[in-house]
Amino acid sequence: HALMQSLLADFTAAGGVLVCRAPVTAALTDEQGHRLTLGGESPCVLCAPEVVNAAGLGALPLASQWVNLPQETLPRGYYGKGHYFTYNGRHPFKRLIYPLPDAAGLGIHLTLDLAGQARFGPDLEWVQQPDYQVAESLRGNFALAIQRWWPGLDPARLAPAYAGVRPKLHGPGEGVADFMLQGPRDHGLEGLVQLFGMESPGLTASLAVAEAVLGLLESG
Ligand SMILES: Cc1cc2nc3c(=O)[nH]c(=O)nc-3n(C[C@H](O)[C@H](O)[C@H](O)COP(=O)(O)OP(=O)(O)OC[C@H]3O[C@@H](n4cnc5c(N)ncnc54)[C@H](O)[C@@H]3O)c2cc1C
């Protein structure tokens, strides 16, 4: 969307190059710097003095096989799946609606897409591995949650939309964890920053996170 296009334009203007479909399959740090093995259509090995591991759901799996990265510095990760339902019908809303947060997060809230269609979510389901199915059977729970603040909802008009998976640093029943940004002082490897637990509001906070990453790289 527009934010990503704007960030990409700034990045490209500053000399950056975006390469997609090039998964990092292995990483190693030694005296010569950081070495990343890339798969995809043009497999290669990249060497760099500075690397930011911002792989979202893939950040911890990548870090956990990073050669010479002290593994005891890594947090434990969990997958928090969130489902969304769309509403096929008229609704009275012109603005986003956020109920008071519950222990697990913000709760099922209302967003409006650019065409004004209502979309509800996300809920929270702890999963062992990321998957993106949205079961019809969740409709009842969604209806109950939404009817707390919109009694006029017609449950039959709720339709499964999509799902996302959050890389969480706290598990079921544990207190909510903050983002974890690890720099050289945390793991001892110069020029490496790792971003863990970048769930909501990571997008909203992205510019502030970028400044913090820069600070970690500069402080060494
Ligand atoms: C259901 C849900 C609702 C959310 N709602 C909000 C919200 O309302 N507001 C908000 O601010 N944030 C929200 N977020 C959080 C937001 O999406 C994240 O904080 C943000 O996307 C994190 O950005 P990122 O660049 O760190 O990671 P990502 O956006 O996850 O990007 C990581 C990228 O790395 C790639 N990757 C993974 N492994 C590898 C590898 N080995 N090699 C190469 N590439 C790899 C992935 O394919 C991906 O493209 C929500 C998230 C979810 C799941």
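In the predicted model, an oxygen atom of the ligand lies 3.1 Å from a backbone N or O atom of Leu-203. A further ligand oxygen contact involves Glu-199, a polar backbone atom of which is placed 3.1 Å from an oxygen atom of the ligand. On the nitrogen side, a nitrogen atom of the ligand is found 2.8 Å from a backbone N or O atom of Val-24. The ligand has 990 Å² of accessible area on its own, and the protein covers 57% of this area.

The shell around the ligand comprises 17 residues, the closest of which are Val-24, Ala-55, Met-198, Gly-202 and Thr-204. Classified by residue type, this shell contains nine nonpolar, six polar and two charged residues. Among the elements of the fold, strand E9, spanning residues 158–168, makes the greatest contribution to the shell, supplying three residues. Both domains take part in surrounding the ligand: domain 1 (18–76 + 178–219) and domain 2 (78–168) each provide at least three residues of the shell.

The division of the protein into domain 1 and domain 2 assigns two segments, 18–76 and 178–219, to domain 1, and residues 78–168 to domain 2. A distance of 31 Å separates the C-alpha centres of the two domains. Contact between them involves seven residues of domain 1 and eight residues of domain 2. The size of an interface is often expressed as the accessible area lost when the parts come together. By this criterion, about 700 Å² is buried between domain 1 and domain 2, with 58% of it on carbon and sulfur atoms. Within domain 1, the residues that lose the most area to domain 2 are Leu-57, Arg-76 and Glu-199, which together account for 76% of what that side buries. Glu-199 thus appears both in this interface and in the backbone contact with a ligand oxygen atom described above.

Several features of the backbone geometry were also examined. Most residues other than glycine have a negative phi, and most peptide bonds are trans. Two cis peptide bonds are described here. One joins Gly-121 and Pro-122, with omega at about -10°; Pro-122 is located in the loop between strand E7 (118–121) and strand E8 (125–127). The other runs from Ser-200 to Pro-201, with omega near 5°, and Pro-201 belongs to the loop connecting strand E11 (192–196) and helix H5 (206–219). A positive phi, near 50°, is adopted by Arg-21, a residue other than glycine. Arg-21 is situated in the loop between helix H1 (2–13) and strand E1 (24–30).

Key: Residues are numbered from 1 along each chain as its sequence is written. This is a predicted model: local features need pLDDT of at least 70, side-chain atom pairs count only at pLDDT 80 or more; totals for chains, interfaces and linings use all residues. Side-chain values use heavy atoms; hydrogens and water are left out. A residue is near a molecule or strand if one of its heavy atoms lies within 4 Å of it. A polar contact is a pair of N or O atoms within 3.5 Å; within protein, one must be able to donate a hydrogen and the other to accept it, and residues adjacent in sequence count only if both atoms are side-chain atoms. Accessible areas come from the Shrake-Rupley method with a 1.4 Å probe; for residues, only the protein chains shown count as cover. Helices (H or I, at least four residues) and strands (E, at least two) are DSSP runs, numbered from the N terminus. Ala, Val, Leu, Ile, Met, Phe, Trp, Tyr, Cys and Pro count as nonpolar, Asp, Glu, Lys and Arg as charged, and the others, Gly among them, as polar. Domain bounds come from an automatic or database domain assignment. Contact means heavy atoms within 4.5 Å. Buried area is the accessible area (1.4 Å probe) that two parts lose on being put together, summed over both.
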